[in-house]
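Welcome! Take a moment to look over the sequence and turn the model around before reading on. We will go through it step by step.

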Amino acid sequence: MSKLAELLQSRGVGAATPATPATQEVKSSKSSESSRGAVANLTFSLDLENRIRAMARRWRYTPAELVEVLDLARTDPDKWTRAVTLDESKEAEFRDKGMLPKVDA
């Protein structure tokens, strides 16, 4: 399993490929949408790209992994915004547990 696949699995984000059922979006019911409010439909932005690049440096993605993630983020920026936000919020915890180096290289 690649480092990228392990990272995605640890975040609960599956690898997105058109051929897998995991990438099929489940339509929520009207009642569940109203109970949690509207979900913003984000677009890929320079800010998201920079945040992904910072995450890639933290986790030492290979150049190929970074290209793959950026391509996936352009396709589904909402998912990648959530993944990056989670990674950023847990960074100190990951460092304390030894999952990341104490200081970025």
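## A walk along the helices

Reading along the sequence of this predicted model, you meet the pattern α-α-α-α-α. In other words, the chain holds five helices and zero strands. Of its 105 residues, 30% are buried. Now consider the contacts between residues at least 6 apart in sequence: 68% of them join residues at least 24 apart.

Before we look closer, let us ask how confident the predictor is. The average pLDDT of the chain is 75, and 57% of the residues score at least 70. Confidence is highest in helix α4, residues 63-75, with a mean of 96. At the other end of the scale, helix α2, residues 30-36, has the lowest confidence, with a mean of 45. Over residues 15-39 the pLDDT is below 50, and this stretch has twelve contacts in the model beyond near neighbours in sequence. Please keep that in mind when your eye falls on this part of the picture.

Let us turn to helix α3, which spans residues 46-59, and begin with its packing against α4. How do these two helices lie relative to each other? Their axes come within 11 Å and cross at roughly 150°. Angles over 145 degrees count as roughly antiparallel, so α3 is roughly antiparallel to α4. The crossing of this pair is right-handed. On the α3 side the contact is made by E49, I52, R53 and A56, while α4 brings L66, V69, L70, A73 and R74. Sorted by class, the contact of α3 with α4 has six nonpolar and three charged residues, with no polar ones.

Between α3 and α4 runs a loop, and R60 is found there. Look at its backbone: R60 has a positive phi of about 55°, although it is not a glycine. How buried or exposed is R60? Its relative accessible area is 43%, so R60 counts as partly exposed.

Helix α3 also packs against α5, with an angle of about 40° and axes 10 Å apart. Here the two helices are therefore oblique to each other, and their crossing is left-handed. The α3 residues in this contact are L48, R51, I52, M55, R58 and W59. From α5 come P77, W80, T81, V84, T85, D87, E88, E91, F94 and R95. By class, the contact of α3 with α5 has eight nonpolar, two polar and six charged residues. If I52 sounds familiar, that is because you met it in the contact with α4, and it appears again in the contact with α5.

Two pairs of residues help to trace how α3 and α5 lie alongside one another. One pair is D47 and T81: they are 34 residues apart in sequence, and their C-alpha atoms are 9.9 Å apart in space. D47 lies in helix α3, and with a relative accessible area of 49% it is partly exposed.

The other pair is R95 and R58, which are 37 residues apart along the chain, with 9.9 Å between their C-alpha atoms. R95 lies in helix α5, residues 77-96. Is R95 buried or exposed? Its relative accessibility is 10%, so R95 counts as buried. Both R58 of α3 and R95 of α5 are among the residues that make the contact between these helices.

Methods: Residues are numbered from 1 along each chain as its sequence is written. This is a predicted model: local features need pLDDT of at least 70, side-chain atom pairs count only at pLDDT 80 or more; totals for chains, interfaces and linings use all residues. Side-chain values use heavy atoms; hydrogens and water are left out. Helices (H or I, at least four residues) and strands (E, at least two) are DSSP runs, numbered from the N terminus. Buried means under 20% relative accessible area, exposed over 50%, partly exposed in between (1.4 Å probe, protein chains only). pLDDT is the predictor's confidence in each residue, from 0 to 100. Contact means heavy atoms within 4.5 Å. Axes are lines fitted to C-alpha atoms, for helices over the stretch in contact, and angles run from 0 to 180 degrees between N-to-C directions. Angles under 35 degrees count as roughly parallel, over 145 as roughly antiparallel, 65 to 115 as roughly perpendicular and the rest as oblique. A crossing is left-handed if the near helix is turned anticlockwise from the far one by less than a right angle, and right-handed if clockwise. Ala, Val, Leu, Ile, Met, Phe, Trp, Tyr, Cys and Pro count as nonpolar, Asp, Glu, Lys and Arg as charged, and the others, Gly among them, as polar.
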